[in-house]
Amino acid sequence: MARGRFILLEGCDRAGKSTQCSMLVSALKARGHAVELCKFPDRTTTIGKMIHAYLTNAQELDDKAVHLLFSANRWEAMQSIRRKLLSGTHLVVDRYAYSGVAFSTAKGLDLTWCKNPDRGLIRPDLTFFLDLPTSEAERRGGFGEERYEKRELQEKVRDVFLQLQSKEWVMIDACKSVEAMHHEILKETEHKIQVAEADAKLAEED
Ligand code: TMP
Ligand code: MG
């Protein structure tokens, strides 16, 4: 059996990541795949609750301390993520370490320092970046109440994301319709899954 694929969707706020993640999960399920949704930050854990308090301005925290909490929130999920992938379940993941680095670097922390705590995390097999100009994100209506939903910071975050971009990323123009984006994301994901399944079959025959 092929290991499940780790499919990551990244992007700035309002780019439509959560909508696309749930559409992708539903489409893969409908095609008979075992698939689950993961979201970072995972606000349900003890660490996640501290992050939530910070994001909703209920609590102040040092920038470095909160960066480490976001990273710890990923580390605490690793065992469960590994287990699911090894059992053949695909994971659709809404934000991951790139968000961690992009937001903290945009706040003024050193890029290399920001990358270090996430070293060794399970790597995504496929990364989509939903790209949206900040002016368009603003037009999509009300940045909410959360700490980072401010134009100036979002612009910096997008710049850092684009610096982090590697040639393996699949760039998605998030100005497109929800359906058009879904079509692209599903097509690339199915291709990735098919390649993994074919490789696993070949390995079995060896
Ligand atoms: P959310 O809106 O996707 O729940 O994410 C909450 C905020 O946290 C969002 O503004 C991005 C930010 N963030 C970080 O600063 N570091 C991280 O590691 C992650 C995953 C998110
Ligand atoms: Mg948000």
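In the predicted model, the contact between helices α1 and α9 brings Thr19, Gln20, Met23, Leu24, Ala27 and Leu28 of α1 against Val178, Glu179, Met181, His182, Ile185, Leu186, Thr189 and Ile193 of α9. Classified by residue type, this contact of α1 with α9 comprises 9 nonpolar, 4 polar and 1 charged residues. Helix α1 spans residues 17-30 and helix α9 residues 178-205; their axes lie 10 Å apart and the packing angle is about 50 degrees. Because of this angle, α1 is oblique to α9. The crossing of the two helices, α1 and α9, is right-handed.

The strands form an open sheet of 5 members, arranged in the order β2-β3-β1-β4-β5 and paired in parallel. The edge positions are taken by β2 (35-39) and β5 (170-173); each has a single partner strand, so one side of each is left without a neighbour in the sheet. From one strand to the next, the twist averages 20 degrees. At the β5 edge, pairing with strand β4 (residues 126-131) is parallel and extends over 4 bridges. Within this pairing, leucine 130 has isoleucine 172 of β5 as its bridge partner.

Helices α4 and α8 also pack on the sheet. Helix α4, formed by residues 78-86, touches β1 (6-11), β2 and β3 (90-94), and its direction makes about 140 degrees with that of β3. Helix α8, formed by residues 151-164, touches β1, β4 and β5, and its direction makes about 145 degrees with that of β4. Strand β1 is thus touched by both α4 and α8.

Technical notes. Residues numbered from 1 in each chain as written. Chains lettered and ligands numbered in written order. Predicted model: local features only at pLDDT ≥ 70, side-chain atom pairs only at ≥ 80, totals over all residues. Heavy atoms only, no water. Axes fitted to C-alpha atoms, helices over the stretch in contact; angles between N-to-C directions. Parallel < 35°, antiparallel > 145°, perpendicular 65-115°, else oblique. Left-handed = near helix turned anticlockwise from the far one by under 90°. Contact = heavy atoms within 4.5 Å. Nonpolar A, V, L, I, M, F, W, Y, C, P; charged D, E, K, R; others polar. Pairing = 2+ DSSP bridges.
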